[in-house]
Amino acid sequence: MAEPDRMTASPRSLCPVNLSLEVFGDRWTLLVLRDIVFAGKRHYRELLTCDEGISTNILADRLKLLVHRGLLTRSDDPGHKQKALYNLTERAITLVPVFVQIGVWGRRQLGADDELSRYAEVLEDGGPPLWESFMDDLREAHLGAAARHHPPGHGPSFELAVERARTGSRSTGGA
């Protein structure tokens, strides 16, 4: 029996956990979003280079699904008309706290690699003020400066916090 089309199928239930998992509950969707959020990947070919080895057909399917579900937009890259540029929507940007908690859980419970855990650790240490600052940086990069909730420099700097973690200083600092 064929699996229903995930883009048009009715939800199994209106439970919020079920509805969320129907959007990003497979093996690859959160990893694609992770690479856009944390690695700054915006093009199809960049997204193919994930450590987990996503196949071309799976990546194409997930990108279509994420656009359809309103987590990404797809546009022509102004610098290269043959490339598509993927941008996060506000809906996807609001997943940052979810990524933090999943990363923290994986770091604590599953023995994740220290280097690969750096962003989760920095965001955990910085707490909600750093999450909001990082989300504003994502808004500016993907939606434009007008989408920021706070002016640049308001709150702690995610980039500075990551750099301090790399050099051994644990403070997330302020702007």
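This is a short talk on how two domains, a pocket and a few helices fit together in one protein model.

Hi everyone, and thanks for coming. One thing before we start: what you see above is a predicted model.

Let's begin with the overall layout. The protein is divided into domain 1, residues 16-88, and domain 2, residues 90-169. Their C-alpha centres are 19 Å apart. Where the two meet, 15 residues of domain 1 are in contact with 16 residues of domain 2.

Now to the pocket. Where does the largest pocket lie with respect to domain 1 and domain 2? Both domains give residues to its lining, so the pocket lies between them. The space inside comes to about 950 Å³. In total, 32 residues line this pocket, and those nearest its centre are Leu31, Arg34, Phe38, Glu52 and Leu116. If you are wondering about the chemistry of the lining, there are 16 nonpolar, 12 charged and four polar residues.

Which helix supplies the largest share of that lining? The answer is α6, with eight residues. Helix α6 covers 96-110, and together with α2 and α7 (118-143) it belongs to a group of helices that each supply at least two lining residues.

Helix α2 deserves a closer look, and I'd like to go through two of its packing partners.

Let's take α4 to start with. Helix α2 spans residues 29-39 and α4 spans residues 56-68; their axes are 10 Å apart and the packing angle is about 80°. Angles from 65 to 115 degrees count as roughly perpendicular, and α2 and α4 are therefore roughly perpendicular to each other. On the α2 side, the contact is made by Thr29, Val32 and Leu33, while α4 brings Leu59, Arg62, Leu63, Leu65 and Leu66. Sorted by class, that contact has six nonpolar residues, one polar and one charged.

Next comes α7. Here the axes of α2 and α7 come within 11 Å and cross at roughly 85°. That again makes the pair roughly perpendicular, α2 to α7. From α2, the residues making this contact are Ile36, Val37 and Phe38, and from α7 they are Tyr119, Leu123, Phe134, Leu138 and His142. How many charged residues are in the contact of α2 with α7? There are no charged ones: the contact divides into seven nonpolar and one polar. Do keep an eye on Phe38, which takes part in this contact and is also among the residues nearest the centre of the largest pocket.

One last residue, and then I'll stop. Leucine 30 sits in helix α2. Leaving aside neighbours within four places in sequence, leucine 30 is in contact with Phe24, Phe99 and Ile102. Leucine 95 is 65 residues away from leucine 30 in sequence, yet the C-alpha to C-alpha distance between them is 9.8 Å.

That's my tour, and I'm happy to turn the model around for anyone who would like another look.

Methods: Residues numbered from 1 in each chain as written. Predicted model: local features only at pLDDT ≥ 70, side-chain atom pairs only at ≥ 80, totals over all residues. Heavy atoms only, no water. Axes fitted to C-alpha atoms, helices over the stretch in contact; angles between N-to-C directions. Helix = DSSP H or I, 4+ residues; strand = E, 2+ residues; numbered from the N terminus. Parallel < 35°, antiparallel > 145°, perpendicular 65-115°, else oblique. Contact = heavy atoms within 4.5 Å. Nonpolar A, V, L, I, M, F, W, Y, C, P; charged D, E, K, R; others polar. 1 Å grid on protein atoms, 1.4 Å probe; cavity = no way out; pocket = protein on both sides within 12 Å on 5 of 7 lines; lining within 4 Å. Points joined across faces, edges and corners; volume = space filled by probe spheres on them. Domains from an automatic or database assignment.
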